[in-house]
Each structure stands twice: as C-alpha cells, then as structure tokens.
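Please look over the sequence and the model before reading on. The text below goes through a few of its features in turn.

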Amino acid sequence: MSSVVQAEFPDVAIASDFDISLPEFDADPEQLTQAMLNVVRNAAQALQTVLPPREIRLTTRVARSVTMAKRRYQLALAVTIEDNGPGVPDAIRDKIFFPLVSGREGGSGLGLTIAQTFIAQHNGTIECESAPGHTQFTILLPLEFSRVGA
C-alpha cells in the first residue's frame, strides 16, 4: 500500500512500525486495504499544502478490552495513520466521514466515507484527532470477527 502512495506522492516519506506479534484474523483484505489506502492517500494529499518534510507514519498495535458498537472485545487491532500536515479544517472536522465533504479543491469527499463503511462492516471504528502539524486517524478492528458475507 505504501508503495502505491509513494509512487503517486514521491515527496512524502512513509514510515511504518508494525507489531509482528499481532494474531491473524478473518476479514475482507480488499476492503481493509482500500480503507487504509483512502486514509493514507488523504494524508498524502493534505501534505502537498505544507513545506517538507512531509511525513506519514503507520503503526499497528494490539488494543486490549476495547468497546466498539456497544460490544466489549478482549483484543482489537489498533492502526494509527499520522501525518504532519495542516490538520483538518475546523469547519469540516465533525463532518469528515459524511459523503461529499472534502477539505481540498477537487476532492470527491468519498474516500473517508468508504473507509468508514468498510471498517464498520468489520465491526470496527475509525476516529480522527487533528491539529495543525499533526493529524491522527485511529482504526480499531476486533480480532474476534467472522468474515463479511460469510
């Protein structure tokens, strides 16, 4: 995934810190890849408005005792996608997951909506914390899950 984004945005450094001890879990890999790609691509696009260095950091960890959709899970996958861009504009911060809401000229406003939909189909959540110079999306996915459509 990062190579796809790097090909489109060669001036963006992408670092990763993946927890190799994470257990395997049953999920739709195409949907989750698309969800992550949408968030990372949005970060790379936002970084084009700031001076270098332009950086994105992807991190995976195990989260314990997490509540999602009113259900408690012993284990969850926590994925964070952080960038050092301009931050999400205040005017759209509460609406970024709504369809057709975009913070950039020519944006469709569908990338984060699709990401949220795919993550929700896996009983997960996606949240955003943002300030100028630091935006972080956190995706939580339960590790006790049955495949979508199975």
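The paragraphs that follow cover a pocket, an aromatic pair and a surface patch.

This is a predicted model, and the pocket to begin with is the second largest one, with a volume of about 480 Å³. Its lining is made up of 21 residues. Those that lie nearest the centre of this pocket are F18, M36, T60, L77 and V79. Strand 1 (12-17), helix 2 (29-47), strand 2 (54-68) and strand 3 are the elements that give two or more residues to the lining. Of the contributors, helix 2 gives the most, with 4 residues.

The next feature is a contact between rings. The model has 1 aromatic pair. F97 and F137 form this pair, with ring centres 6.2 Å apart and an angle of 90° between the planes. The arrangement is classed as edge-to-face because the angle between the planes is over 60 degrees. The two residues are 40 residues apart, and their pairing links distant parts of the chain. F97 is in the loop between strand 3 (71-83) and helix 3, whereas F137 belongs to strand 5 (residues 134-142). Both F97 and F137 are buried.

The last feature is on the surface. L100, L110 and I114 make a nonpolar patch of about 270 Å². Of these residues, I114 is found in helix 3, which spans residues 111-120. Why can I114 be part of a surface patch? Its relative accessible area is 33%, and a patch residue needs over 30%. I114 therefore passes that cut-off while being partly exposed.

Methods: Residues numbered from 1 in each chain as written. Predicted model: local features only at pLDDT ≥ 70, side-chain atom pairs only at ≥ 80, totals over all residues. Heavy atoms only, no water. Patch = residues over 30% accessible without salt bridge, like charges linked within 9 Å, V, L, I, M, F, W, Y side chains within 5 Å. Areas by Shrake-Rupley, 256 points an atom, 1.4 Å probe, with all protein chains shown as cover. Salt bridge = Lys/Arg side-chain N within 4 Å of Asp/Glu carboxyl O. Buried < 20%, exposed > 50% of the residue type's maximum accessible area, 1.4 Å probe, protein only. Phe/Tyr/Trp six-rings, centres within 6.5 Å; stacked < 30°, edge-to-face > 60°. 1 Å grid on protein atoms, 1.4 Å probe; cavity = no way out; pocket = protein on both sides within 12 Å on 5 of 7 lines; lining within 4 Å. Points joined across faces, edges and corners; volume = space filled by probe spheres on them.
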